[in-house]
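Visitor: I have a few minutes at the bench. Please walk me through this one.

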Amino acid sequence: MARPRVLSGIQPTADSFHLGNYLGAVRQWVALQETHDAFYMVVDLHAITVNPSPAELRRRTRVAAAQLFAAGLDPERSSVFVQSHVREHAELAWVLICQTGMGEAGRMTQFKDKSSKYGEGSAGVGLFTYPILQAADILLYQADQVPVGADQKQHLELSRDLAQRFNNRYGRTFTVPSPYILKEVEKITDLQDPTAKMSKSSSSPQGILDVLEQPGPLRKKVMRAVTDTGTDVVADDENKPGITNLLRILSAITATPIPELEARYAGQGYGTFKKDVAEAVVDAFAPIRERTEKLLGDEAELDRMLAAGAAKARAVAAETMAHVRENIGF
Ligand code: ADP
Ligand code: NA
């Protein structure tokens, strides 16, 4: 039986992925290559919803792609590409926009979150239609499964609705995608504000561990991570969110259950524990950083890899779009 097809994307909106992106997404994408026919993209069309400068967008798109390869995505096994290199995304998005009700689009709660920082009425229409572009991304590839965290469930539901609606109205055109529930990586939190999610929009860079950061600053950040005033290395979300976050990080990176870590550090205090967390992070990130730097230093090779990925993606996207065009009456 053919492997199920899986599709996911990540935005080029920072100069590095952070530990949350790595554990919550990228590392799991790498694992999915073993069992799935995988399509992974750097979603630069999504990134322009917030109007980055051209130089910044170009740089971040390349850095994101290089990090995906460096983290272990294999261009032989997976199709890794840049969304804007495949024109069909924009074309299908328009078709699907014309199938979507205003009320339906307006119910997407992520828009409410993302637009709240803009004045009344001044958030971009691109931000509003973002989930419809996501639906186009998924449906173009006839994806069977889409890895989703809790924040994306509503968008996948919209993709399913649009696929079914289009199929009913115009004849069978799209695979209706199912959620692929990622191995539960509980949210990695900010080192300086351990009840908030580690995010590129965190208030202080001291709270974020970037994959491309040097060992020195990484160690410093972990050693300065906010903890409670106790001494016991035990998981307790309520009273010890900082230590609990560090336990989660060490557990995820070293594939060691938290109770085993609690036993290992019993009676040792926070210092030894934090040092080990820092080394685990440095060991996980250093090879990815080195490979990323090497790829970014060889522009022609990175271009070649992305062109090959786009060619594989385009072949599938063009076939879907040909059906769409015919079915819709173009
Ligand atoms: P950010 O929150 O920094 O803007 P994104 O929303 O672009 O990051 O996230 C890209 C991917 O990384 C998503 O799949 C998301 O679930 C995952 N991710 C982001 N932050 C975290 C985190 N703190 N813990 C676990 N996973 C995360
Ligand atoms: Na986010």
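Guide: Start with T189, which sits in the loop between β5 (178–181) and α9 (215–223). Keep in mind that this is a predicted model.

Visitor: Is T189 buried or exposed?

Guide: The cut-off for buried is under 20% relative accessible area. T189 has a relative accessible area of 10%. T189 therefore counts as buried.

Visitor: How many Å apart in space are T189 and L68?

Guide: In sequence, T189 and L68 are 121 residues apart. The distance in space is taken from C-alpha to C-alpha. For T189 and L68 it comes to 22 Å.

Visitor: Which helix holds A93?

Guide: Look at residues 88–97. A93 lies in that run, helix α4.

Visitor: Is A93 buried or exposed?

Guide: The limit is again under 20% for a buried residue. A93 has a relative accessible area of 8%. So the word for A93 is buried.

Visitor: How far apart in space are A93 and P205?

Guide: A93 and P205 are 112 residues apart in sequence. From C-alpha to C-alpha, their separation in space is 35 Å.

Visitor: Now the ligand. Which residue has a polar backbone atom 2.7 Å from a nitrogen atom of ligand 1?

Guide: Ligand 1 is surrounded by residues including H18, G20, K187, I188 and K200. An oxygen atom of ligand 1 is 2.8 Å from a polar backbone atom of K200. Another contact uses a side chain: an N or O atom of N21 is 3.1 Å from an oxygen atom of ligand 1. The nitrogen atom of ligand 1 has its 2.7 Å partner in the backbone of I188.

Visitor: What share of the exposed area of ligand 1 does the protein bury?

Guide: Taken alone, ligand 1 exposes 540 Å². Of that area, the protein buries 81%.

Visitor: How many residues of the shell around ligand 1 are polar?

Guide: The shell around ligand 1 includes 3 nonpolar residues and 3 charged ones. The polar residues number 5.

Visitor: What is the volume of the largest cavity?

Guide: The count is 1 cavity of 30 Å³ or more. The largest cavity has a volume of about 40 Å³.

Visitor: Which helices each supply at least two residues of the lining of the largest cavity?

Guide: Residues that line the largest cavity include Q110, F111, L127 and Y130. The lining divides into 5 nonpolar, 2 polar and 1 charged. The helices that each supply at least two lining residues are α6 (109–115) and α7 (125–140).

Note on methods. Residues are numbered from 1 along each chain as its sequence is written. Chains are lettered from A and ligands numbered from 1 in the order in which they are written. This is a predicted model: local features need pLDDT of at least 70, side-chain atom pairs count only at pLDDT 80 or more; totals for chains, interfaces and linings use all residues. Side-chain values use heavy atoms; hydrogens and water are left out. A residue is near a molecule or strand if one of its heavy atoms lies within 4 Å of it. A polar contact is a pair of N or O atoms within 3.5 Å; within protein, one must be able to donate a hydrogen and the other to accept it, and residues adjacent in sequence count only if both atoms are side-chain atoms. Accessible areas come from the Shrake-Rupley method with a 1.4 Å probe; for residues, only the protein chains shown count as cover. Ala, Val, Leu, Ile, Met, Phe, Trp, Tyr, Cys and Pro count as nonpolar, Asp, Glu, Lys and Arg as charged, and the others, Gly among them, as polar. On a 1 Å grid over the protein atoms alone, a cavity is a set of points where a 1.4 Å probe fits but cannot get out, and a pocket is an open set with protein on both sides within 12 Å along at least five of seven lines; lining residues have an atom within 4 Å of a point. Grid points are joined across faces, edges and corners, and a volume is the space filled by probe spheres set on the points. Helices (H or I, at least four residues) and strands (E, at least two) are DSSP runs, numbered from the N terminus. Buried means under 20% relative accessible area, exposed over 50%, partly exposed in between (1.4 Å probe, protein chains only).
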